[in-house]
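Colleague: Please give me a close look at one part of this model. Which residues surround the ligand, and which are the closest?

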Amino acid sequence: MLLQGRTAAISGAASARGIGRATAKLFAEHGARVAILDLDEAGAKAAAAELGPQHVGIGCDVTDPASCKAAADAVLAAFGQCDILLNNAGITQPLKLMEIGPENWGKVLDVNLSGVLYLSQAFVPHMKERRRGSIACMSSVSAQRGGGIFGGPHYSAAKAGVLGLAKAMARELGPFGIRVNCVTPGLIQTDITGGKLTDEMRVEIRKGIPLDRLGEASDVAGCYLFLASDLSAYVTGAVIDVNGGMLIH
Ligand code: NAD
């Protein structure tokens, strides 16, 4: 039980096969009370109810600072405190450079990058006051290797931005007892690809993975658990690869 007595807010944790949902389940198994924050409010509530009555589901659009603030207030009203924030919500689009229009760019940057800023800003004052907190942010191998897996260049740019933002947050918030880290998964089998990832693409991707399999949501959940718990008490500004060896650097 690595998170006994702890409380966690996880964005993008409603989708049934998603990384956030698997993480919420693992955190609950480790004793945490979990707030599931998602654009899909009904899904968030249903996911929380499935975990048990001590957990909460809250509608939240991470691209909207007011929605983030309202969600943070709701988490604190429900739990009285928040020890852990996972900036996990994200979207992707399989576009090539010349196909990216301003709307695609805006949407992908808003959810994946601005969302990390806005949701962190909503929780940081509380964490600063308590002089404790662990924030983990979702990046991607796509940030490190320039895409080429599924998401387009705008996705790579957004996820690379997350690395810079999180490292700067780690520097600024360390003196307040708040750690900030990132995870960089390779291809994880969830529904984010919206059925557009073909079997041929899977076979091709697998050829480049030394561990010879695609990732599971639980693979990332385990890393989030490490970063959320005291096992990583002296880890901040770090980037943890969860890619089966797809990128070794
Ligand atoms: P998913 O689609 O299952 O989950 C994403 C969740 O984010 C959904 O529940 C969705 O409703 C929510 N969401 C979308 N926009 C939102 C918004 N504006 N506000 C709040 N919630 C919003 O996908 P997943 O694969 O579990 O992805 C989780 C994170 O992992 C994403 O940031 C994704 O970019 C990242 N990631 C995924 C992979 C992969 O291969 N699946 C690899 C690297 C990184």
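Modeller: The answer starts at the ligand and then moves outward.

This is a predicted model, in which local features need pLDDT of at least 70 and side-chain atom pairs count only at pLDDT 80 or more, while totals for chains, interfaces and linings use all residues. Residues are numbered from 1 along each chain as its sequence is written.

The ligand is surrounded by 29 residues. Near means that a residue's C-beta atom, placed from the backbone, lies within 6 Å of the molecule. Gly12, Gly18, Gly90, Thr190 and Ile192 are the closest. Helices H1 (19–29) and H4 are the elements giving two or more residues to this shell. Helices are DSSP runs of H or I, at least four residues; strands are runs of E, at least two; both are numbered from the N terminus. By class, the shell holds 13 nonpolar, twelve polar and four charged residues. Nonpolar here covers Ala, Val, Leu, Ile, Met, Phe, Trp, Tyr, Cys and Pro; Asp, Glu, Lys and Arg are charged; the others, Gly among them, are polar.

Now H1. Ile19 sits in this helix. Ile19 counts as buried because 30 other C-beta atoms lie within 10 Å. The cut-off for buried is 20 or more such atoms within 10 Å; exposed is 12 or fewer, and partly exposed is in between, with C-beta atoms placed from the backbone. Leaving out residues up to four places away in sequence, Ile19 touches Asn88, Ile188, Thr190, Ala217, Val220 and Ala221. Contact means C-beta atoms, placed from the backbone, within 7 Å. Thr190 thus appears among the contacts of Ile19 and among the residues closest to the ligand.

H1 also has a neighbour, H2 (residues 41–51). In H2, Ala44, Ala47, Ala48 and Leu51 are buried. These four lie on the same side of H2, because they cover an arc of only 100° around the axis. The arc is taken from the directions between the helix axis and the C-beta atoms. The buried residues of H2 pack against H1, strand S2 (33–38) and strand S3 (56–59). Gly52, just after H2, takes a positive phi of about 140°.

H4 leads to the core. The largest nonpolar core has 75 residues. Such a core is a set of buried Ala, Val, Leu, Ile, Met, Phe, Trp, Tyr and Cys residues joined through C-beta atoms within 7 Å. Its largest share, ten residues, comes from H4 (residues 102–130). Ala8, Ala35, Ile36, Leu37, Val162 and Tyr224 touch the most other members.

Notes. Contact = placed C-beta atoms within 7 Å.
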